2 protein chains.
Amino acid sequence: MKNHDKNIPLCECEELHESVINKKREEMPDVSTLYTLADFFKIFGDSTRISILFALDGEKMCVCDIAAMLGMTKSAVSHQLKILRTSDLVTYERSGKNVFYSLADEHVKDIIEKALEHISE
Amino acid sequence: MKNHDKNIPLCECEELHESVINKKREEMPDVSTLYTLADFFKIFGDSTRISILFALDGEKMCVCDIAAMLGMTKSAVSHQLKILRTSDLVTYERSGKNVFYSLADEHVKDIIEKALEHISE
DNA sequence: GTTACAGTTGAACGGTTGTTCAACTGTTTG
DNA sequence: CAAACAGTTGAACAACCGTTCAACTGTAAC
């Protein structure tokens, strides 16, 4: 939680603004939704995790292959995979000594596609 | 930039994995795109900024109204607005003593909509 | 059992980031 | 001009986060 509901003085604009605030207050998603939303985007806000998601697009990969491909240690990759696992963005299955990860949700690709559209303008 | 291209030993799996790595290497977006993408998502990864974007959806608002609505100081809001401005997600126009902010891009709503769909499952 | 490799985990370190505070600019009003 | 309010800005602080390191588990092969 953040510092909402402190002693913030209302601004002394005309009454018009007051009504805009009240209208918006009703339309806004509730606070917990906003936090969930921010937490969701936070996961994509790291180049390592984005890279992993691209790597897993349409292809199962084991940890050491992902690490080799990104030029990172297995440990660093594993830490990030844990975050992606906890967020239900990837699933895994063990096969011998290897653990193969894959995308859990095709939904995720849509979001990244939209963002790619946006930044290439 | 992160710690790519260090001395990460290739894993000693069968040749199969090696070819997967090479295939993926070609399909992946280039590194700078991945960073731009991550930076873009980073902006949405904060509940204050997400709240501001919702507040500005379909409505111009001045800084002190946004602050009052969120229960935050004008300074904190202004700092976040600067980030949104720099990322071209919002525009502003001065009107007397007030500065009214509005969404710069309808594209952004699509992305948030997609994310909302995802988290409500 | 032991060796070797894949993967995980927790602590620690350094860098990043959001809010606060105080000082500032810009505009309107008297 | 001065006073009042809207907004901005930079430094400072605390909290957060990603990588590293070392120690660990799990599986396969000898």
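1. Asp88, exposed with a positive phi. In this predicted model, Asp88(A) has a relative accessibility of 57% and therefore counts as exposed. The residue sits in the loop between α5 and β2 (90–95) of chain A. Its phi is near 60 degrees, a positive value in a residue other than glycine. Most residues other than glycine have a negative phi. Chain B repeats the feature. Asp88(B) lies in the loop between α5 (74–86) and β2 (90–95) of chain B. Phi of Asp88(B) is near 60 degrees, again positive and again not in a glycine. Asp88(B) is exposed as well, with a relative accessible area of 57%.

2. Layout of chain A. The chain has 121 residues, and 50% of them count as buried. It contains 6 helices and 3 strands. Along the sequence their order is α-α-α-β-α-α-β-β-α. Take the contacts in chain A between residues at least 6 apart in sequence: 49% of these join residues at least 24 apart.

3. How the two copies are related. A turn of 180 degrees, with a shift of 0.0 Å along the axis, lays chain A on chain B. The RMSD of that fit is 0.0 Å. The copies are thus related as by a two-fold rotation axis. Both copies use the same surface, and 100% of the contact residues of chain A recur in chain B.

4. Helix packing between the chains. Which helices should one look at here? Helix α2 (residues 31–44) of chain A packs on helix α6 (residues 107–119) of chain B. Their axes are 10 Å apart, at an angle of about 105 degrees. The range for roughly perpendicular is 65 to 115 degrees, and α2(A) and α6(B) are therefore roughly perpendicular to each other. From α2(A), the contact takes in Thr33(A), Thr36(A), Leu37(A), Phe40(A) and Phe41(A). From α6(B) come Ile111(B), Ile112(B), Ala115(B), Leu116(B), His118(B) and Ile119(B). By class, 8 of the contact residues are nonpolar, 3 are polar and none is charged.

5. Helix packing within chain A. Helix α3 (residues 47–55) and helix α5 (residues 74–86) of chain A cross at roughly 75 degrees. Their axes come within 10 Å. That makes α3(A) roughly perpendicular to α5(A). On the α3(A) side are Thr48(A), Arg49(A), Ile52(A) and Leu53(A). They meet Val77(A), Gln80(A), Leu81(A), Ile83(A) and Leu84(A) in α5(A). This contact divides into 6 nonpolar residues, 2 polar and 1 charged.

6. Ile66 in chain A. Is Ile66(A) buried or exposed? Its relative accessible area is 0%, so Ile66(A) is buried. The residue belongs to helix α4 (residues 63–70) of chain A. Leaving out residues up to four places away in sequence, Ile66(A) touches Ile52(A), Leu56(A), Met61(A), Val77(A) and Leu81(A). Among these, Ile52(A), Val77(A) and Leu81(A) also take part in the contact of α3(A) with α5(A). Ser78(A) is 12 residues from Ile66(A) in sequence, and their C-alpha atoms are 9.6 Å apart.

7. Ile52 in chain B. Ile52(B) is part of helix α3 (residues 47–55) of chain B. With a relative accessible area of 0%, Ile52(B) is buried. Which residues does Ile52(B) touch, not counting residues up to four places away in sequence? They are Ile66(B), Leu70(B), Val77(B), Gln80(B), Leu81(B) and Leu84(B). Ala67(B) lies 15 residues from Ile52(B) along the chain, with 9.2 Å between the C-alpha atoms.

8. Cysteines. How many disulfides does the structure hold over all chains? The count is 0. Cys62(A) is in no disulfide, and the nearest cysteine sulfur, that of Cys64(A), is 4.0 Å away. In chain B, the sulfur of Cys62(B) has its closest cysteine sulfur in Cys64(B), at 4.0 Å. Why is there no bond between Cys62(B) and Cys64(B)? A disulfide needs the sulfur atoms within 2.5 Å, so 4.0 Å is too far for a bond. Cys62(A) counts as buried, at 1% relative accessibility. Cys62(B) counts as buried too, also at 1%.

Terms used. Residues numbered from 1 in each chain as written. Chains lettered and ligands numbered in written order. Predicted model: local features only at pLDDT ≥ 70, side-chain atom pairs only at ≥ 80, totals over all residues. Heavy atoms only, no water. Axes fitted to C-alpha atoms, helices over the stretch in contact; angles between N-to-C directions. Helix = DSSP H or I, 4+ residues; strand = E, 2+ residues; numbered from the N terminus. Parallel < 35°, antiparallel > 145°, perpendicular 65-115°, else oblique. Contact = heavy atoms within 4.5 Å. Nonpolar A, V, L, I, M, F, W, Y, C, P; charged D, E, K, R; others polar. Buried < 20%, exposed > 50% of the residue type's maximum accessible area, 1.4 Å probe, protein only. Least-squares fit on C-alpha atoms with pLDDT ≥ 70 in both.
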